There are 6 protein chains.
Amino acid sequence: MRIFVINPNSSVHVTDHVRETLEKIKRPDTELFVTCPEHGPISIESAYDEALAAYHILPLVQKANDEGYDAVILACFSDPGLDAAKEISKIPVIGIEESTLHMAAMLGHKFSIMTGMRRRIPTRDCHCRERGVMDFYASSPALEMSVVEMDADAAKAKARIIEKARVAVEKDGAEVIILGCAGLAGYSEDIEKELGVVVLDPSSVALKVAEAMVDLGLHHSKAGRFSYPPKKEIK
Amino acid sequence: MRIFVINPNSSVHVTDHVRETLEKIKRPDTELFVTCPEHGPISIESAYDEALAAYHILPLVQKANDEGYDAVILACFSDPGLDAAKEISKIPVIGIEESTLHMAAMLGHKFSIMTGMRRRIPTRDCHCRERGVMDFYASSPALEMSVVEMDADAAKAKARIIEKARVAVEKDGAEVIILGCAGLAGYSEDIEKELGVVVLDPSSVALKVAEAMVDLGLHHSKAGRFSYPPKKEIK
Amino acid sequence: MRIFVINPNSSVHVTDHVRETLEKIKRPDTELFVTCPEHGPISIESAYDEALAAYHILPLVQKANDEGYDAVILACFSDPGLDAAKEISKIPVIGIEESTLHMAAMLGHKFSIMTGMRRRIPTRDCHCRERGVMDFYASSPALEMSVVEMDADAAKAKARIIEKARVAVEKDGAEVIILGCAGLAGYSEDIEKELGVVVLDPSSVALKVAEAMVDLGLHHSKAGRFSYPPKKEIK
Amino acid sequence: MRIFVINPNSSVHVTDHVRETLEKIKRPDTELFVTCPEHGPISIESAYDEALAAYHILPLVQKANDEGYDAVILACFSDPGLDAAKEISKIPVIGIEESTLHMAAMLGHKFSIMTGMRRRIPTRDCHCRERGVMDFYASSPALEMSVVEMDADAAKAKARIIEKARVAVEKDGAEVIILGCAGLAGYSEDIEKELGVVVLDPSSVALKVAEAMVDLGLHHSKAGRFSYPPKKEIK
Amino acid sequence: MRIFVINPNSSVHVTDHVRETLEKIKRPDTELFVTCPEHGPISIESAYDEALAAYHILPLVQKANDEGYDAVILACFSDPGLDAAKEISKIPVIGIEESTLHMAAMLGHKFSIMTGMRRRIPTRDCHCRERGVMDFYASSPALEMSVVEMDADAAKAKARIIEKARVAVEKDGAEVIILGCAGLAGYSEDIEKELGVVVLDPSSVALKVAEAMVDLGLHHSKAGRFSYPPKKEIK
Amino acid sequence: MRIFVINPNSSVHVTDHVRETLEKIKRPDTELFVTCPEHGPISIESAYDEALAAYHILPLVQKANDEGYDAVILACFSDPGLDAAKEISKIPVIGIEESTLHMAAMLGHKFSIMTGMRRRIPTRDCHCRERGVMDFYASSPALEMSVVEMDADAAKAKARIIEKARVAVEKDGAEVIILGCAGLAGYSEDIEKELGVVVLDPSSVALKVAEAMVDLGLHHSKAGRFSYPPKKEIK
């Protein structure tokens with residue numbers, strides 16, 4: 001199968017990192033095309049960044065449909081533009097946040113989501129509510145590092161995650177830790193060893209959920225929320 | 001005070017209609033500037049339309065801030081780009097959906113939201129959940145008319161609303177009816193007489209909430225969810 | 001417009017304080033009549049106080065209707081007797097708690113309610129649940145001061161609020177602070193400067209919501225929950 | 001044990017009916033004193049009636065405490081003044097609504113509450129939410145009969161209940177039917193036979209819950225929500 | 001009346017303890033038969049233990065029905081097999097957890113459940129959600145003692161409960177403390193004195209709820225969730 | 001990878017049907033062992049059946065662990081014994097209900113679950129609440145056919161599903177239909193064509209989720225709810 005992976009920010013560096021991570025775990029018969037939009041913010045850390053990114057990924061989603069891909073993955077933990085992408089797409093669109101939240105819900109009583117900046121904690125609350133998984137949500141500890149900083153100093157990011165995740169486990173009852181940032185793809189195993197809980201890398205989860213959906217011949221229901229948008233004049 | 005009203009779709013006709021409605025009910029000392037983005041869909045009936053509109057209204061929100069307005073109103077019932085707009089704005093940004101949902105919650109036990117197409121019912125569900133007002137939400141009857149059709153045949157739209165709203169009142173327990181479409185601004189009084197319940201025109205409600213906020217010197221809290229976006233490279 | 005403001009406790013001193021606060025912020029064309037019941041508790045700090053106050057304010061609500069006022073404000077943060085008042089009233093009755101909770105919901109991700117005594121924290125929980133705004137409720141820090149103490153030593157009350165509100169912001173994620181006590185009307189600006197979050201004075205918010213409702217010609221829906229009580233023998 | 005039963009409305013006729021019903025099912029060693037306030041509405045069908053009744057029952061609750069009773073029952077399905085009564089009381093105060101909702105929750109998946117007038121359906125919704133039992137609440141079918149009418153024509157009331165309850169069972173999934181009106185005490189057995197579901201008479205349930213609480217030496221926790229009201233001047 | 005009490009674990013020692021506790025508080029006209037299954041785990045501290053115990057208690061529930069008892073009590077705080085037991089039983093089956101959660105909900109704003117091991121905290125969360133009483137649930141402090149340890153050193157268990165319950169009251173807002181372990185039956189009074197809150201012993205509560213149900217002639221509704229299982233081949 | 005599939009009922013016929021369905025869709029490198037317990041009910045249509053089945057599948061889960069399988073699937077839509085199975089297992093245990101509910105949540109706004117008998121509708125409600133997915137749950141239409149009848153007359157079952165599912169789509173807003181019965185495995189494609197919505201066969205979904213989990217090296221978190229049961233005497 002052929003899967004079209006969109007890194008919604010415009011950072012080629014992060015895109016390369018996502019590609020490397022996913023290439024390692026894809027099934028032999030899965031072919032990946034990993035890309036990012038030419039325009040838009042180089043990282044996504046606000047609703048403003050999300051709105052810009054959403055706009056720029058939609059043509060890529062269309063392209064994936066036009067070129068006969070089997071599924072699309074949006075590889076940013078805020079799933080910017082996910083609903084719009086599902087509407088215009090015949091093939092399944094898998095958000096790494098959405099798929100990971102549901103996977104986490106099956107693996108433990110509650111999960112915590114590691115997030116970059118304190119200002120994004122409300123976003124995590126909102127997304128868990130919007131996606132209907134509040135019962136599983138323990139907390140969203142902030143690393144107080146920007147995506148750029150995490151990318152620049154992976155060791156520091158990892159140490160910070162372990163410190164914050166330990167608190168989530170001991171105080172908030174987290175049994176599963178979600179690495180809420182595409183830029184951290186690939187470090188989950190090390191962290192899992194340290195903490196003794198399950199650690200999820202969202203991009204990896206999304207890839208496997210995408211493979212599962214394609215195997216099952218599934219797509220989003222076009223009977224309501226995700227039906228095709230009405231045709232109209234766009235100025 | 002000076003209020004900057006953005007019709008998020010690109011229809012000059014709808015923009016004019018919103019302007020007329022609001023000019024009639026504004027306070028004498030309120031000055032309105034009503035506009036719409038040059039680009040984007042001419043009506044908003046999908047998450048796809050919302051994503052496009054959100055992108056195009058953000059520069060207008062910035063402009064309202066730069067030009068010293070006191071508040072911004074987003075005059076489309078789906079409040080496209082509301083969170084992003086609040087983030088980049090120092091002055092309050094009032095979504096007509098958000099402000100109307102809260103007003104409705106004070107006026108009756110439950111409200112129903114008249115919506116255009118059946119495909120948008122899930123959107124109403126989602127927005128009521130996201131905005132934390134599910135306890136007040138009775139139903140979202142679909143008129144099965146597009147925005148363009150409603151605009152073209154106001155009499156038919158009004159008749160359809162009365163028919164559907166009657167069912168909402170009798171079966172779903174609605175005590176307040178929300179006209180979930182900016183294009184219908186101005187008809188609430190007639191419908192109210194017919195049905196004996198409270199009918200809300202969202203644009204009108206938003207204007208009065210905006211005036212109240214400005215009088216109170218209020219703005220969105222910049223301490224968390226709506227703090228300014230981090231500065232970064234935007235390609 | 002003419003607005004009838006009821007301080008539900010029987011303290012003339014607090015009534016005067018409310019009057020002064022509201023006179024400063026009312027619109028030039030708004031006329032206020034601020035009063036309190038002759039009988040009942042001099043402050044409201046229990047469900048028992050609320051039950052007594054509710055009984056004594058209802059004739060005042062009737063009087064406001066009989067004398068042609070445009071709206072009634074109940075200026076006690078527990079909104080005692082609000083549902084009964086809405087039932088017997090043709091004109092809108094605005095509770096300062098109800099209107100402030102909804103205003104707060106639009107201004108930040110979560111709010112905390114400063115309350116007097118620890119014993120009233122469950123009341124705040126209950127009211128947020130009853131009013132359907134639990135999703136926005138962060139916490140209810142107790143000042144451990146009675147209304148009388150707050151009134152006697154405003155400086156101490158203010159200092160205590162700042163101390164407790166700071167914890168609410170840092171630990172509970174509050175982005176908006178509600179001064180849950182009519183007696184504190186007028187200090188919100190100072191506190192806001194200190195804390196960098198939005199601070200709401202409920203009486204002020206209620207006045208502006210009342211002005212907005214009257215401008216819009218709104219009243220409570222008489223189609224269900226707030227319909228007029230059946231006529232009957234009252235012994 | 002000695003139980004003080006308050007019919008919160010001022011109807012001697014209903015009070016007698018409650019007394020007869022409870023005398024039949026009390027334990028031999030239970031002594032009942034059944035009374036009603038001298039003042040207040042003769043039936044309770046609105047929040048307004050509730051507010052008046054709440055005021056008048058509080059001295060009776062005090063009297064029950066002063067005279068050494070073991071428990072108080074409030075025998076009106078809206079439990080008017082329950083929180084205030086619990087605050088001022090050392091002995092347990094059992095609301096017939098509250099105790100019946102919890103009993104019903106143990107006996108079936110969902111319950112429906114037979115109510116008098118359509119206008120009270122929102123009240124039932126509100127009370128189930130306030131009392132934290134929404135998960136068990138199926139519906140609240142209205143008999144469209146006033147308390148006086150039910151009292152005047154018991155056969156008609158019974159027939160109407162059976163008709164409406166049947167719909168609740170078949171359409172709303174009700175497995176337990178609550179007779180949400182003290183005036184109907186005593187008919188549950190007949191209705192149960194007809195419908196094949198469990199039918200609860202709230203006054204009877206409350207009496208048995210009261211006996212259980214007294215046996216267990218229980219009272220309301222005075223550590224928070226129901227702690228004694230602060231002493232203060234009452235004008 | 002005759003009540004059949006099943007201690008779901010296979011410990012004769014715990015069974016004796018339950019019998020002693022209940023014999024002291026039963027009504028004079030109540031006759032108790034207290035037993036435990038011959039097979040199954042000697043204590044219940046996991047879903048695995050629950051699954052084994054559920055299997056072994058079902059024949060005892062059947063036996064209680066066959067021998068004409070009036071009610072069954074399952075005396076383990078996790079209520080193992082409760083739904084299955086209700087299905088096969090004509091007489092009411094009272095789980096000590098279920099009945100105590102509902103009793104606690106009437107006695108204070110929120111309750112905390114003392115539990116043995118940290119690993120069972122999620123179980124308490126789950127059960128409160130399943131039983132629809134989340135609004136009343138404050139916390140579930142772990143004693144970090146196994147059932148066997150509690151049984152072996154009652155003084156230590158009591159001291160630990162007091163220490164942990166104090167935190168629940170002061171930090172989590174608990175107003176009622178539930179002793180979430182049948183093995184602790186009988187100590188509630190001492191603990192209550194120490195803490196000044198209401199302390200519930202679940203077995204005792206269940207006995208009184210059972211007596212109340214039998215007095216009222218109640219049983220579980222057989223109209224849906226608890227209707228008799230379809231007859232079928234069991235290999 | 002090697003996956004151990006347990007049909008929790010004791011019907012060899014249903015077991016064979018599950019095997020055939022899964023063999024067709026497994027990945028080439030996946031090896032399946034499909035079995036059922038020797039003892040227990042031949043179909044699962046009550047909590048009683050679930051309790052019996054849960055007991056008998058636990059040794060099989062242990063066996064799968066002992067023999068080095070990579071994952072276990074419980075192929076009955078009620079997931080009997082799932083929590084206990086997760087506790088005793090080192091390898092992931094996938095319930096077909098749990099995994100399908102989460103998959104459905106990603107594919108449409110709401111799902112409906114086709115169920116056999118009316119008496120099981122409350123079970124579906126309960127499981128959706130327990131599994132934290134109530135926001136996605138539209139309804140649970142009953143086919144009014146036993147598992148045996150469905151098995152005996154597949155054409156009738158399919159026709160009945162289409163009839164009932166159509167109502168779910170049109171009235172309840174279902175966008176995804178779940179075939180809530182392992183016995184119906186294999187018919188989803190036909191039904192999907194007829195209805196134009198997404199139809200999920202739970203066993204198939206579970207197999208693909210299992211493959212995804214194994215690929216990702218995932219297992220249930222052993223840090224809390226699913227940690228190994230304490231060792232103890234089992235009589």
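1. A starting definition for the symmetry points: copies of a chain are superposed by least squares on the C-alpha atoms of residues with pLDDT of at least 70 in both. Please keep in mind that this is a predicted model. Its scores are ipTM 0.96 and pTM 0.96. For chain A, the average pLDDT is 93, and 98% of the residues reach at least 70.

2. How are chains A and B related? A turn of 180° with a shift of 0.0 Å along the axis lays chain B on chain A, at an RMSD of 0.0 Å. The two copies are thus related as by a two-fold rotation axis. Both copies use the same surface, since 100% of the contact residues of chain B recur in chain A. If you want a landmark for the axis, look at B:Glu130: of the residues of chain B, its C-alpha comes closest, at 2.8 Å.

3. Some chain pairs stay apart. Chain A has no contact with chain D, and their closest C-alpha atoms are 15 Å from each other. Chains B and E do not touch either, with 15 Å between their nearest C-alpha atoms.

4. Now to a sheet in chain D. Four strands make up this open sheet, ordered E6-E5-E7-E8 with parallel pairing. Its edges are strand E6 (137-139) and strand E8 (198-200) of chain D, each of which pairs on one side only. On average, neighbouring strands of the sheet are turned by 30° against each other, direction ignored. Strand E5 (residues 111-114) of chain D runs parallel to E6(D) and is joined to it by two bridges. Along this pairing, D:Phe111 stands opposite D:Tyr137 of E6(D).

5. Which helices pack on these strands? One of them is helix H7 (residues 154-172) of chain D, which touches E5, E6 and strand E7 (176-179) of chain D, its direction making about 155° with that of E5(D). Another is helix H8 (residues 188-195) of chain D, which lies across E7 and E8 of chain D and runs at about 160° to E8(D).

6. In chain E, strand E1 (residues 2-6) deserves a look. Four of its five residues are buried, so E1(E) is largely enclosed by the rest of the structure. Five bridges pair E1(E) in the parallel sense with strand E2 (residues 31-35) of chain E, and E:Ile3 faces E:Leu32 of E2(E) there. Between these two strands the chain passes through helix H1 (residues 12-25) of chain E, in a right-handed β-α-β crossover.

7. E1(E) has a further partner: strand E3 (residues 71-74) of chain E runs parallel to E1(E), joined by four bridges. Here E:Val5 has E:Ile73 of E3(E) as its bridge partner.

Definitions and conventions:
Residues are numbered from 1 along each chain as its sequence is written. Chains are lettered from A and ligands numbered from 1 in the order in which they are written. This is a predicted model: local features need pLDDT of at least 70, side-chain atom pairs count only at pLDDT 80 or more; totals for chains, interfaces and linings use all residues. Two strands pair if DSSP finds at least two bridges between them. Axes are lines fitted to C-alpha atoms, for helices over the stretch in contact, and angles run from 0 to 180 degrees between N-to-C directions. Two residues are in contact if their C-beta atoms, placed from the backbone, lie within 7 Å. pLDDT is the predictor's confidence in each residue, from 0 to 100. A residue is buried if 20 or more other C-beta atoms lie within 10 Å of its own, exposed if 12 or fewer, and partly exposed in between; C-beta atoms are placed from the backbone. A crossover is right-handed if, with the strands pointing away from the viewer, the path from the first strand over the helix to the second runs clockwise.
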